[in-house]
Amino acid sequence: MNCLLSDKMTKFSTNINILRFICAISVILSHSYVLTLNEYDLVSRYFNNQVSLGGIAVSIFFFLSGLYVTKSLKKSKSSIDFIKKRVKRIFPQLWIVVLFSIFVIGPIFSTLSLKEYFTNIETYKYLKNMILILTYSLPGVFKDRYDTTINGPLWTMPVEFLCYIMILVLSIVIKKISNNKNEEKFWKILFGISTVISICIFTIILYVIKSIFLITAFRPVCFFLIGSMCFLYKDKIILNPIVALIMVFILPFLRENNLFNLFSLIFIPYIIISLILGVKQTKFNLKIFNISYEMYLLGWPIQQSVNVLFSGLNPIENTCLSLPIDILFGYLIYITVEKILNRKNKSYVYNKQ
């Protein structure tokens with residue numbers, strides 16, 4: 001039965017949390033190919049290196065972020081209130097993972113002595129990740145691996161935070177130019193222009209510049225803005241599961257000429273809101289489904305550690321060994337942050353923010 005997106009945005013979605021949990025697992029599986037074989041995953045090879053399984057998962061994360069963070073921005077009392085919520089959402093877990101990498105993973109896996117490791121200035125440069133200044137190495141750690149980075153996925157953190165700043169700036173501009181008249185109209189117009197511009201830039205990157213680095217970095221921004229647009233036009237968007245299923249069928253055939261990258265900007269968001277939000281929600285509301293963010297932050301360093309401890313692993317073996325550890329430590333970080341910030345379960349769940 002068709003319904004409007006606005007009908008589903010007022011309710012808590014257990015399906016969204018499960019989807020995010022599955023995406024976190026997908027990122028770990030995707031990274032296992034890079035970390036064990038120095039190869040692209042099967043999805044990437046199928047789509048002629050247009051996008052990896054991890055890239056699809058990250059795109060979904062950013063779309064959901066745009067959808068619900070825009071909702072949070074609209075409900076925030078002030079710009080400061082919005083920034084506080086965003087800082088509380090992403091930084092405590094990030095800080096814990098960065099410190100864990102420096103003071104636990106580093107000493108265990110570094111080829112340097114403890115004295116050499118802790119007196120090396122490079123060790124403490126890794127702390128810059130706590131303020132979103134990317135640093136990927138620790139002295140002597142994982143130096144014999146295909147990829148020597150401590151935590152590659154951290155690149156998405158400054159991109160995510162810049163998206164927060166971007167929509168905050170847009171909201172401030174809207175308040176200035178609207179003068180409290182027809183503000184909702186200005187939201188839709190300005191965010192619509194920003195989204196169209198971002199898609200145009202992405203298209204130029206795909207077909208003119210053809211930079212894999214820029215494609216990977218800019219794709220999430222597009223998905224974030226499309227998520228924002230979906231929230232702003234929630235009263236107009238009709239959820240049709242049949243149309244969404246047709247899109248699911250079409251996507252695997254878009255293997256050439258970056259067509260997947262282009263069409264996925266529309267297809268994936270609509271598939272999510274129609275087949276995840278638009279259907280009956282599962283009754284499973286386990287805390288473990290809330291730890292996708294923690295799993296994402298921890299996955300890479302845990303997978304690197306597993307590779308060192310158990311040499312010669314294939315991607316599936318690496319995933320199977322890493323995943324339980326990732327879930328365990330992710331859950332511990334989740335409940336620690338939850339306790340420190342004195343959050344109730346429902347207020348902590350991402351799609352409620």
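Let's start with Leu19. Leu19 is buried, at 14% relative accessible area. Keep in mind that this is a predicted model. Leu19 sits in helix α2, which covers residues 14–37.

What does Leu19 touch, beyond residues up to four places away in sequence? The list is Ile60, Leu64, Ile272 and Ile276. Now look at Ser292. In sequence, Leu19 and Ser292 are 273 residues apart. In space, their C-alpha atoms are 9.2 Å apart.

Follow one of those contacts, Ile272. Setting aside neighbours within four places in sequence, Ile272 contacts Ile16, Leu19, Ile60, Phe63, Leu64 and Leu277. Ile272 also belongs to the largest nonpolar core, which has 99 residues. Within that core, Leu5 and Ile272 touch the most other members. Which helix gives the core its largest share? Helix α4, residues 53–75, with 12 residues. As background, nonpolar side chains tend to be buried together in soluble globular proteins.

Now the outside. There is a nonpolar patch on the surface, about 700 Å². Its residues are Ile242, Leu245, Ile246, Val248, Phe249, Ile250 and Phe253. Take Phe249 from that set. Phe249 lies in helix α11, residues 241–250. Is Phe249 buried or exposed? Exposed, because its relative accessibility is 57% and the cut-off for exposed is over 50%.

Next, the backbone. Most residues other than glycine have a negative phi. Two asparagines here go the other way. Asn38 has a positive phi of about 55 degrees. Asn38 is in the loop between α2 and α3, and α3 spans 42–46. Asn49 also has a positive phi, about 65 degrees. Asn49 belongs to the loop between α3 and α4. With a relative accessible area of 40%, Asn49 is partly exposed.

Last topic, cysteines. How many disulfides are there? The count is 0. Why is Cys200 unpaired? The closest cysteine sulfur, in Cys222, is 9.5 Å from the sulfur of Cys200, so it is too far for a bond. A disulfide needs the two sulfurs within 2.5 Å. Cys230 is in no disulfide either, since its nearest cysteine sulfur, again in Cys222, is 13 Å away. The surroundings of these cysteines: Cys200 is partly exposed, at 43% relative accessible area, whereas Cys230 is buried, at 8%.

To recap: Leu19 is buried, Phe249 is exposed, and the disulfide count is 0.

Terms used. Residues are numbered from 1 along each chain as its sequence is written. This is a predicted model: local features need pLDDT of at least 70, side-chain atom pairs count only at pLDDT 80 or more; totals for chains, interfaces and linings use all residues. Side-chain values use heavy atoms; hydrogens and water are left out. A nonpolar core is a set of buried Ala, Val, Leu, Ile, Met, Phe, Trp, Tyr and Cys residues joined through side-chain atoms within 4.5 Å. Buried means under 20% relative accessible area, exposed over 50%, partly exposed in between (1.4 Å probe, protein chains only). Helices (H or I, at least four residues) and strands (E, at least two) are DSSP runs, numbered from the N terminus. Contact means heavy atoms within 4.5 Å. Patches are made of residues with over 30% relative accessible area and no salt bridge: like charges are joined within 9 Å, nonpolar side chains (Val, Leu, Ile, Met, Phe, Trp, Tyr) within 5 Å. Accessible areas come from the Shrake-Rupley method with a 1.4 Å probe; for residues, only the protein chains shown count as cover. A salt bridge is a side-chain nitrogen of Lys or Arg within 4 Å of a carboxyl oxygen of Asp or Glu.
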